[in-house]
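Here's a short set of exercises to work through with the structure open beside you. Try each task yourself before you read the solution.

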Amino acid sequence: MIDNTDHEVSYVNYTFADNKLLISTFDLRSRREVGYYEVSLDQIRDVEISIYQGWHKLKFTYNQKVFIFNYSGFGEYNYFPNKLLSKVNNRQ
């Protein structure tokens, strides 16, 4: 997540519930939770999907903060962008 005051690099766990994306972030070294965000799907803006140095990248803006998720493409890598996009696109 990037805003005007900080830049966080973390392992992320997420789930979808009650029209929200719930995000827990964990420090890469200690594996302790360092942040928790409740993102209202109806307020997500500027969704972008791309490739960054061979990794899949999903980026969006919420509440004047930019969230960027890089993921390897292994496993169910399409689940997150597909689920997010389907929920964001169905909000209208």
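**Exercise 1: Rings that pair up**

Find out how many aromatic pairs a search of the whole structure gives, then look at the pairs that involve Phe60.

*Solution.* Step one: get the rule straight. Rings of Phe, Tyr and Trp (its six-membered ring) pair if their centres lie within 6.5 Å; planes under 30 degrees apart count as stacked, over 60 as edge-to-face and the rest as tilted. With that rule, the search of the whole structure turns up six aromatic pairs.

Step two: take Phe60 and Phe67. Their ring centres are 5.3 Å apart and their planes are at 15 degrees, so this pair is stacked. Next come Phe60 and Phe69, with centres 5.9 Å apart and planes at 25 degrees, so this pair is stacked too.

Step three: put the rings together. Ring pairs join Tyr37, Phe60, Tyr62, Phe67 and Phe69 into a cluster.

A word on the ground rules: this is a predicted model, where local features need pLDDT of at least 70 and side-chain atom pairs count only at pLDDT 80 or more, while totals for chains, interfaces and linings use all residues. Residues are numbered from 1 along each chain as its sequence is written, and side-chain values use heavy atoms, with hydrogens and water left out.

**Exercise 2: Buried or exposed?**

Decide whether Phe60, Phe69, Ser40 and Tyr14 are buried, partly exposed or exposed.

*Solution.* Start with the cut-offs: buried means under 20% relative accessible area, exposed over 50%, and partly exposed in between (1.4 Å probe, protein chains only).

- Phe60 has a relative accessible area of 0%, so Phe60 is buried.
- Phe67 is buried as well.
- Phe69 comes in at 9%, which makes it buried.
- Ser40 is buried, at 16%.
- Tyr14 has 28% relative accessibility and counts as partly exposed.

Now zoom out: of the 92 residues of the protein, 29% count as buried.

**Exercise 3: Walk along the chain**

Work out the pattern of helices and strands that the protein follows along the sequence.

*Solution.* First, the terms: helices (H or I, at least four residues) and strands (E, at least two) are DSSP runs, numbered from the N terminus. Count them and you get one helix and six strands. Reading along the sequence gives β-β-β-β-β-β-α.

**Exercise 4: The sheet E1-E2-E3**

Which strands stand at the edges of the open sheet with E1, E2 and E3?

*Solution.* Two strands pair if DSSP finds at least two bridges between them. The sheet here is open, has three strands in the order E1-E2-E3, and its pairing is antiparallel. E1 and E3 stand at the edges with a single partner strand each, so one side of each has no neighbour in the sheet.

Look at one pairing up close. E1 and strand E2 (residues 20–27) pair in the antiparallel sense over eight bridges, and Ala17 stands opposite Lys20 in E2.

Now the contacts, meaning heavy atoms within 4.5 Å. Tyr14 sits in strand E1 (residues 10–17). Leaving out residues up to four places away in sequence, Tyr14 touches Leu21, Leu22, Ile23, Tyr79 and Phe80. Ser40 belongs to strand E3 (residues 33–40), and, leaving out residues up to four places away, Ser40 touches Asn19, Lys20 and Tyr62. One distance to check: Tyr14 and Tyr37 are 23 residues apart in sequence and 9.5 Å apart in space, C-alpha to C-alpha.

**Exercise 5: The sheet E4-E5-E6**

Trace how E4, E5 and E6 are joined, and find the residues with a positive phi in the turns.

*Solution.* Begin with strand E4 (residues 45–52) and strand E5 (residues 55–62), which pair in the antiparallel sense over six bridges. Within this pairing, Ser50 has Lys57 as its bridge partner in E5, while the partner of Arg45 is Thr61. E4 and E5 form a hairpin with two residues between them, and Gln53 in the turn has a positive phi of about 50 degrees.

Move on to strand E6 (residues 65–71): seven bridges join E5 to E6, again antiparallel. Phe60 has Phe67 as its bridge partner in E6. This hairpin also has two residues between the strands, and here Asn63 takes a positive phi near 55 degrees.

Finally, assemble it. The three strands form an open sheet in the order E4-E5-E6, with E4 and E6 as the edge strands, each pairing on one side only.
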